[in-house]
Amino acid sequence: MAKIIDGKAIAAKIRGEIAVEVNRLEAKGVKPGLAVVLVGEDPASKVYVSMKEKACQDVGIFSDEYKLPAETPEAELLALIDKLNRDPCIHGILVQLPLPKHIDTEKVLEAISPHKDVDGFHPYNVGRLVVGKPLFQPCTPYGVMVMMKEAGVELAGKEVVVVGRSNIVGKPVAFMCLQQHATVTLCHSKTRDLAEKVRMADVLIAAVGQPEMIKGEWIKEGAVVIDVGVNRVGEKKLVGDVEFEKASLRASAITPVPGGVGPMTITMLLYNTVESAKREAKD
Ligand code: NDP
């Protein structure tokens with residue numbers, strides 16, 4: 001039976017360390033600050049933004065919140081970002097996605113100073129990740145890497161199979177694993193014989209967004225399974241991209257859904273904000 005990699009416990013431990021670090025910085029007159037910008041009324045986005053604010057408060061990070069109406073012109077949003085880029089109290093800027101259709105998301109993400117881009121989505125930060133010199137690493141894949149480290153998963157020489165190639169999860173996590181000297185296979189919807197690819201994996205990272213599409217019987221005996229997927233089935237139930245029960249019988253370690261990768265994402269956002277404040281203060 002697989003060991004459960006407890007994302008909640010790992011996240012709590014790291015948030016504790018972040019709170020200590022924030023205290024230390026405050027004693028030196030540095031208060032890390034995060035600006036969160038929400039445009040429109042998307043219910044899920046509202047929930048995420050309030051979770052981020054609460055998480056900031058819990059560790060002592062100053063959080064500045066901008067809730068703009070859905071019809072906000074693009075130029076107004078860009079002007080706000082420009083102001084935040086120049087605000088010395090703000091070390092991280094996060095624009096909650098998705099943005100309303102009339103706003104060019106790429107243009108907005110590229111307007112954020114790469115030195116305050118705590119989501120790690122700016123092409124400058126993507127490029128730095130690809131060349132192996134990361135500045136800000138995107139929060140969900142970064143959380144995956146931290147979880148594996150905490151769980152003692154050694155990647156050098158291992159076969160890592162990533163399913164999903166989005167810019168926010170699949171692609172960056174593939175590069176992060178490559179940086180740790182894994183041999184990486186990156187799969188997507190056009191991949192032929194996915195089962196065969198998954199069977200090779202010493203470490204499987206699933207980021208697809210389809211409930212339990214990766215079958216337990218595909219998992220290699222002793223593999224590590226990291227399930228990024230969060231899929232709602234029915235009214236209340238959340239499941240991952242992997243058949244958890246069946247995969248647990250074969251894997252050596254596995255992340256649950258919920259309580260796995262989920263809690264790590266906001267934790268790494270806090271971490272990136274504190275790192276940014278430290279860089280700015282040359283601490
Ligand atoms: P996207 O929808 O952007 O990407 C999904 C990827 O899966 C695509 O690359 C797609 O391939 C691939 N895919 C879809 N169907 C198949 C298939 N049948 N076989 C193989 N590959 C397939 O999703 P995200 O990366 O944004 O998110 C993935 C999951 O992770 C979602 O469940 C999301 O909710 C969750 N998530 C969780 C977070 C957390 O904090 N825990 C944070 C972010 C995401 P193609 O490119 O060819 O279309």
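Two strands are taken as paired if DSSP finds at least two bridges between them. With that in hand, the tour of this predicted model can start at the N-terminal end of the chain. Strand 1 and strand 11 (residues 253-254) run parallel and are joined by two bridges. Within this pairing, Lys3 has Ala253 of strand 11 as its bridge partner.

The two strands belong to an open sheet of six strands, in which the order is 1-11-8-7-5-6 and the pairing is parallel. Strand 1 (3-4) and strand 6 (183-187) form the edges of the sheet, each pairing on one side only. As a general reminder, strands of a sheet pair through backbone hydrogen bonds, in either a parallel or an antiparallel way.

Helix 7 is a good landmark for the part of this sheet that includes strand 6. The helix, residues 170-179, lies across strand 5 (159-163), strand 6 and strand 7 (203-206), and its direction makes an angle of about 170° with strand 6. One residue to look for in helix 7 is Leu178. Leu178 counts as partly exposed because its relative accessibility is 47%. The C-alpha atoms of Leu178 and Gly132 are 9.1 Å apart, although 46 residues separate the two in sequence.

A second open sheet has three strands in the order 3-2-4, again with parallel pairing. Its edges are strand 3 (62-68) and strand 4 (92-95), each of which pairs on one side only. From one strand to the next, the twist averages 15°.

Strand 2 (residues 33-39) pairs with strand 3 in the parallel sense through seven bridges. Two positions help to fix the register: Ala35 stands opposite Asp64 of strand 3, and Leu38 stands opposite Lys67 of strand 3. With strand 4, strand 2 pairs in the parallel sense over four bridges, and here Val37 stands opposite Val95.

How far is strand 2 enclosed by the rest of the structure? Seven of its seven residues are buried, so strand 2 is largely enclosed. In a regular strand, side chains alternate between the two faces of the sheet. Both faces of strand 2 are covered, with Gly33, Ala35, Val37 and Val39 buried on one side and Leu34, Val36 and Leu38 buried on the other. Strand 4 is likewise covered on both faces: Gly92 and Leu94 are buried on one side, and Ile93 and Val95 on the other.

The chain leaves strand 2 through a loop that leads to helix 2 (43-59), and Gly40 is found in this loop. Gly40 is buried, since its relative accessible area is 9%, below the 20% cut-off. Setting aside residues up to four places away in sequence, Gly40 touches Leu68, Pro69 and Ala70. The C-alpha atom of Gly40 is also 7.0 Å from that of Pro100, a residue 60 places away along the chain.

Attention now turns to a pair of helices. Helix 6 (residues 139-150) packs against helix 10 (residues 262-280) at an angle of about 100°, and the two axes are 8 Å apart. This angle makes helix 6 roughly perpendicular to helix 10. By class, the residues in this contact are eight nonpolar and four polar, with no charged residues. On the helix 6 side, the contact consists of Cys139, Thr140, Tyr142, Gly143, Val146 and Met147; on the helix 10 side, it consists of Met264, Thr265, Met268, Leu269, Tyr271 and Asn272.

Cys139 also appears in the survey of cysteines. How many disulfides does a search of the whole structure find? The search finds zero disulfides. Cys56 is in no disulfide, and the nearest cysteine sulfur to that of Cys56 belongs to Cys139, 11 Å away. Cys56 counts as buried because its relative accessibility is 0%. Cys187 is in no disulfide either, and its nearest cysteine sulfur, that of Cys177, is 13 Å away. Cys187 has a relative accessible area of 1% and is therefore buried.

Notes
Residues are numbered from 1 along each chain as its sequence is written. This is a predicted model: local features need pLDDT of at least 70, side-chain atom pairs count only at pLDDT 80 or more; totals for chains, interfaces and linings use all residues. Side-chain values use heavy atoms; hydrogens and water are left out. Contact means heavy atoms within 4.5 Å. Axes are lines fitted to C-alpha atoms, for helices over the stretch in contact, and angles run from 0 to 180 degrees between N-to-C directions. Angles under 35 degrees count as roughly parallel, over 145 as roughly antiparallel, 65 to 115 as roughly perpendicular and the rest as oblique. Ala, Val, Leu, Ile, Met, Phe, Trp, Tyr, Cys and Pro count as nonpolar, Asp, Glu, Lys and Arg as charged, and the others, Gly among them, as polar. A disulfide is a pair of cysteine sulfur atoms within 2.5 Å. Buried means under 20% relative accessible area, exposed over 50%, partly exposed in between (1.4 Å probe, protein chains only).
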